[in-house]
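Here are my comments on the model you sent round. Please read them with the structure open beside you.

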Amino acid sequence: MSIDEAAVAALADRRIGPEHKGMPPAFWGRTVRELRAAAPALDQLETPVLTVDRAALAENIAVMAEWVRAAGVRLAPHGKTTMAPQVWADQLAAGSWGITLATIWQTQVARSFGVARVLLANALVDPVGLRWVAAESARDPSFEFYCWADSAETVALMDAHLRTAPESARIRVLVELGGPHGRTGARTVEQAHAVARAIAGASRLTLAGVGGYEGALAHDRTPTGIRAVRDYLGELARLHRELDAAGRYHGPAVVTAGGSAYPELALEYLAPLSDERGRQGVATTVVLRSGAYVIHDDGFYASMSPLAAPECARPLRSAMHGWARALSRPEPGLALLDAGKRDLPFDEGMPVPQRVAGLRGGALDSDATVSALNDQHAFLRLPGGAATELPIGAVVRLGLSHPCTAFDKWRLIPVIDDADAPSPRVVDLLHTFF
């Protein structure tokens, strides 16, 4: 495992305090280890609260690990989804090649927990961050760091900043290929070749492969969206082969793509490159960077992921739920819950009311919906007879969409034994670093 297990284990000795939303004052001053041993019932916490289902989390990690292993590729899960070193440790223990991150600060968090291989899926032009990478690489030569560049200007700026940094091995840089109307990335293969030439001419950088993000080019599974993703992945594979044929690589190469929405398409186009040796004999490691799979959801990814399809023998399951209490019934068919934008994600769809907590078979009417969120309130619309089934004080379990914008709202997340149980128990707590 390429993480400091002792540092991760030490999180259990941190004390719970007023900065931890959902934790009542009765828990303040106790360590995570103490609370874990006590295994309190979920209803001993305050609402609103976000929880993670222990069994679903473990199953999702196992499903993805087996899936990439069978395809002959590697996984560097995107750590920004959870920013939880405890989760990273489980992913690495399941065989992950490294951890992907989005910012230099996130990378520094990972290094504070001893993560040995980081793929920064972004350009790095911050001078303080670049000098830190150089210093950290000099301090620990076993630290493997990769980042991206999508223009010759980016490469020149990186190289200039590194000239004032401590001497170390050259920083590994991947050429980032983008696409029309996408996010970052060279817009054509020809432009990407120019970036590769710039990296080859830099004094402190080395060309280490190619990468990009297909999820920036589509947001659905319509024929148009799928075609945009396929076209892009085909160009990414072409770029790698052309760079190899031109002799641009002087060591093993990494080819990386693959979010959590289209990972099967990334495998279709890139898996054939894995361990492929081109004209120059360069070994190739194909790395998927899916991140949301580890938590999954009941919204966007449930509708997009090929690993959530009904035909999957072991589908991903949502490991996260929100729990909110009915505060007010100001008019027929409306309940106000005590969770809002400060507590729950809403950028990829509103929370979905699923059941009334503490009741066997306590499912809400299928027409019940959350129509809006304020900072600290959710508007729960209850059609027909359901209006009489939710008294003030009742707790509603909510399905959520988009784990990345759920976890970032919580510093300490309870892990429960079974989200479907009448009275779930807290069996652990996840620390997040946002």
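The points below take up one long helix, its packing partner and one histidine.

1. This is a predicted model, in which local features need pLDDT of at least 70 and side-chain atom pairs count only at pLDDT 80 or more, while totals for chains, interfaces and linings use all residues. Residues are numbered from 1 along each chain as its sequence is written, and side-chain values use heavy atoms, with hydrogens and water left out.

2. Helix H9 (residues 223-245) has 23 residues and reaches 33 Å from its first C-alpha to its last, close to the 33 Å expected at 1.5 Å a residue (the expected span being 1.5 Å times one less than the number of residues; helices are DSSP runs of H or I of at least four residues, strands E runs of at least two, numbered from the N terminus). Just after H9, Gly247 takes a positive phi of about 75°.

3. Among the buried residues of H9 (under 20% relative accessible area, 1.4 Å probe, protein chains only) are Ile226, Leu233, His240 and Asp244. The buried residues of this helix pack against strands E6, E7, E8 and E9 as well as helices H8 and H10, contact meaning heavy atoms within 4.5 Å.

4. H9 and H10 (residues 263-270) pack at an angle of about 35°, with their axes 9 Å apart (axes are lines fitted to C-alpha atoms over the stretch in contact, and angles run from 0 to 180 degrees between N-to-C directions). Residues of H9 including Arg230 and Gly234 meet residues of H10 including Glu268 and Tyr269.

5. His321 lies in strand E10 (residues 320-331) and is buried, with a relative accessible area of 6%. Beyond its neighbours within four places in sequence, His321 is in contact with residues including Val49, Asp298, Arg397 and Ala419.

Key:
Buried < 20%, exposed > 50% of the residue type's maximum accessible area, 1.4 Å probe, protein only.
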